Amino acid sequence: MLILTKHNLLSYLKDKYPQFDQRLPVEIHAIGEQEEDPAGLINFIFRVRSGNVSIIVKQGQENIRSAQGFEYLLPPSRNHLEAISLRLRKAIVPQYVPELYLLDQENNVFIMEDVSYLRPCRQALVQGEQFPGLGSRCGEFMAATAFYTSEFYLPRTTFRALAQCFINSGMRRVMEEWVFLHRSPFPPLPETMSLRAGLEDPELLAQTYQLRHRYMSSQEALIHSDLHTGNIFVKGQQMKVIDMEYTFAGPCAYDLGYFLNSILSLYCASLFRTMPGGGESYRRYLLEVLAELFIQYRRTFTELWSRDAKPDYRACMSYCDAFLDDLLPDAVGYGALAAITLSLSGPDVLDFQAIEDKEKQIQAIQLYYTMARTLLLLRSSIKSVSDFLNVVVTCSNRYIKRK
């Protein structure tokens with residue numbers, strides 16, 4: 001396998017992707033070398049620009065990179081699955097997925113549209129920007145891609161073949177160990193060691209293992225499995241979703257939960273820093289994003305079910321309602337587990353890095369952890385989006401009042 005570098009990239013493009021015009025001066029930027037938010041960068045990614053044309057070249061290698069210099073082995077074939085996933089989702093929701101230009105399976109490389117003409121959603125939200133309709137667009141993306149890759153729509157044999165193709169066990173192992181067992185490949189941070197004391201609570205463990213089992217064994221639809229604000233680019237009414245290498249056939253609730261977790265960390269951090277335009281309006285916006293997420297997911301999934309589900313399912317809308325009702329408590333649980341794990345990473349999370357005062361930073365992380373534990377333990381009693389949002393607000397108010 002050819003290992004791409006800044007030095008051999010242009011000759012590679014000349015051979016594999018001659019459509020890229022190199023007659024003008026070419027700029028090559030290795031993404032991740034000096035990024036503001038390097039968390040999650042496990043691939044070798046290059047932005048190549050010539051004139052007004054810019055592309056992304058992404059290569060999967062066995063040794064991943066991390067900000068701490070830690071090495072972790074992952075299957076390079078994840079790159080091929082990600083490219084297939086891009087094509088599949090592009091056929092379902094073209095407005096939300098970048099263009100794929102080339103797949104080179106031999107070298108575990110693909111070339112795609114550069115979406116940097118949009119804003120990195122996470123960085124913009126940390127800076128206090130608001131994007132009207134963000135929750136609705138994310139809900140539509142998740143619901144449509146889930147429905148059209150589920151057995152509700154696909155013929156039985158096609159669905160099973162799709163699930164078999166996307167077993168993706170090498171990448172799933174990362175989430176199975178990291179999110180659910182809190183076994184991070186990165187060294188623990190001293191600032192968050194005190195939070196680990198409650199992880200052995202029997203009730204918390206029971207909820208954790210129940211959700212881990214569903215994540216490992218359920219094959220409801222293809223899920224992104226790493227869908228957070230860091231993997232979303234936005235501007236106005238435009239949105240693109242990237243980084244689909246964790247895709248596999250899993251529980252629909254997981255994507256909802258993983259995204260809601262990335263909004264909760266912003267919410268908790270905002271309570272301990274001065275926000276442009278005011279913290280109250282910003283937090284109301286974040287809660288609206290979460291409400292829109294679930295409302296639009298349900299609306300989109302229901303519309304697609306009533307129009308395109310297989311006849312037996314289409315005739316039973318009450319089952320559609322029951323299926324969607326069951327997603328909420330699991331989504332809350334998955335989001336809570338991701339929050340517990342990320343709270344143990346503490347100041348490494350960009351949302352908390354924005355808090356300049358070290359003591360307030362730790363308090364924000366403690367609130368994040370406390371809220372996650374509360375949501376995980378109460379998830380079975382959460383029957384509506386209002387119930388969920390009430391727990392978020394109540395937990396925050398109690399923590400602030402106690403402090």
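Here are two short exercises on a predicted model, each with a worked solution.

Local features need pLDDT of at least 70 and side-chain atom pairs pLDDT 80 or more, while totals for chains, interfaces and linings use all residues. Residues are numbered from 1 along each chain as its sequence is written, and side-chain values use heavy atoms, leaving out hydrogens and water.

**Exercise 1: cysteines**

Find how many disulfides there are.

Solution. Start with the rule: a disulfide is a pair of cysteine sulfur atoms within 2.5 Å. By this rule the count is 0 disulfides. Let's check two cysteines. For cysteine 165, the nearest cysteine sulfur belongs to cysteine 252 and is 18 Å away. For cysteine 252, the nearest is that of cysteine 320, 11 Å away. Now look at exposure, where buried means under 20% relative accessible area, exposed over 50%, and partly exposed in between (1.4 Å probe, protein chains only). Cysteine 165 is partly exposed at 40%, whereas cysteine 252 is buried at 4%.

**Exercise 2: an open sheet**

Work out which strands stand at the edges of the open sheet of 5 strands.

Solution. First, the terms: strands are DSSP runs (E, at least two residues), numbered from the N terminus, and two strands pair if DSSP finds at least two bridges between them. Next, read the order, which is 1-2-3-5-4 with antiparallel pairing. Strand 1 (26-31) and strand 4 (100-104) stand at the edges; each has a single partner strand, so one side of each lacks a neighbour in the sheet. Finally, try one pair further in: strand 2 (residues 44-50) and strand 3 (residues 53-59) are antiparallel over 7 bridges. There, valine 48 stands opposite isoleucine 55 in strand 3.

Definitions and conventions. Helix = DSSP H or I, 4+ residues; strand = E, 2+ residues; numbered from the N terminus.
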